[in-house]
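This report goes through one protein chain, moving from individual residues to the chain as a whole. Please keep the sequence and the coordinates at hand while reading.

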Amino acid sequence: MKPLRDAELGAFTFFASSLPHDVCGSNGLPLTPNSIKILGRFQILKTVTHPRLCQYVDITRGKHGMALERAPVCH
């Protein structure tokens, strides 16, 4: 990741859609919450680099499916 120079750090939150309670997959095991799936897929986004894109820094999972993403804000 290149130095930020004049950029700042930005953050935004969103809520993942929730699954109905008592739902199991075809194998009988509980389904993985959508917020956990987002965390896994975010790891791929962190590796994307391009001169014209700001690189994601981090994501944090909160309560009730809330996620907080952090990335540089390029001007």
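## E69 and its surroundings

Not counting neighbours within four places in sequence, E69 is in contact with G10, A11, F12, F14, F42, Y56, D58 and I59. The model is a predicted one, and E69 has its place in strand β3. One of the listed partners, A11, is 58 residues away from E69 along the chain, and the C-alpha atoms of the two are separated by 5.5 Å.

Is E69 buried or exposed? Its relative accessibility is 8%, so E69 counts as buried, because the cut-off for buried is under 20% relative accessible area.

## Confidence

The mean pLDDT of the protein chain is 76, and 83% of its residues reach 70 or more. Where is confidence lowest, and where is it highest? The lowest value belongs to strand β3, residues 66-73, with a mean of 69, and the highest to α1, with 84.

This bears on the reading of E69, which lies in strand β3. Where pLDDT is low, predicted coordinates should not be read in detail.

## Chain layout

The protein chain contains one helix and three strands. Along the sequence they follow the pattern β-α-β-β. Strand β1 covers 8-15 and helix α1 covers 34-45, while β2 covers 58-61.

Of the 75 residues in the protein chain, 17% are buried. The chain exposes about 6100 Å², and carbon and sulfur atoms supply 58% of that area. Among contacts between residues at least 6 apart in sequence, 48% join residues at least 24 apart.

## Two residues of helix α1

N34 and S35 both lie in helix α1. For N34 the relative accessible area is 19%, so N34 is buried, given that the class requires a value under 20%. S35 is also buried, with a relative accessible area of 6%.

Which residues does N34 touch, apart from those up to four places away in sequence? They are A16, S17 and L19. With its neighbours within four places left aside, S35 is in contact with A16, R61 and G65. A16 is therefore listed as a partner of N34 and as a partner of S35, both of which are buried.

## The loop between β2 and β3

K63 is placed in the loop between β2 and β3. Its relative accessible area is 69%, so K63 is exposed, the cut-off for that class being over 50%. K63 and S35 are 28 residues apart along the chain, and their C-alpha atoms are separated by 9.7 Å. K63 is exposed, whereas S35 is buried.

## The loop between β1 and α1

V23 and C24 are both found in the loop between β1 and α1. With a relative accessible area of 30%, V23 is partly exposed. C24 is partly exposed as well, at 47%; partly exposed is the class between the cut-offs of 20% and 50%. Residues up to four places away in sequence aside, C24 touches L29, P30 and L31.

Which residues form a nonpolar patch on the surface? The patch consists of L19, V23 and L31, which together have about 190 Å² of accessible area. Two of its members also occur in the contact lists above: L19 is touched by N34, and L31 is touched by C24.

Conventions. Residues numbered from 1 in each chain as written. Predicted model: local features only at pLDDT ≥ 70, side-chain atom pairs only at ≥ 80, totals over all residues. Heavy atoms only, no water. Patch = residues over 30% accessible without salt bridge, like charges linked within 9 Å, V, L, I, M, F, W, Y side chains within 5 Å. Areas by Shrake-Rupley, 256 points an atom, 1.4 Å probe, with all protein chains shown as cover. Salt bridge = Lys/Arg side-chain N within 4 Å of Asp/Glu carboxyl O. Helix = DSSP H or I, 4+ residues; strand = E, 2+ residues; numbered from the N terminus. Buried < 20%, exposed > 50% of the residue type's maximum accessible area, 1.4 Å probe, protein only. pLDDT = per-residue confidence, 0-100. Contact = heavy atoms within 4.5 Å.
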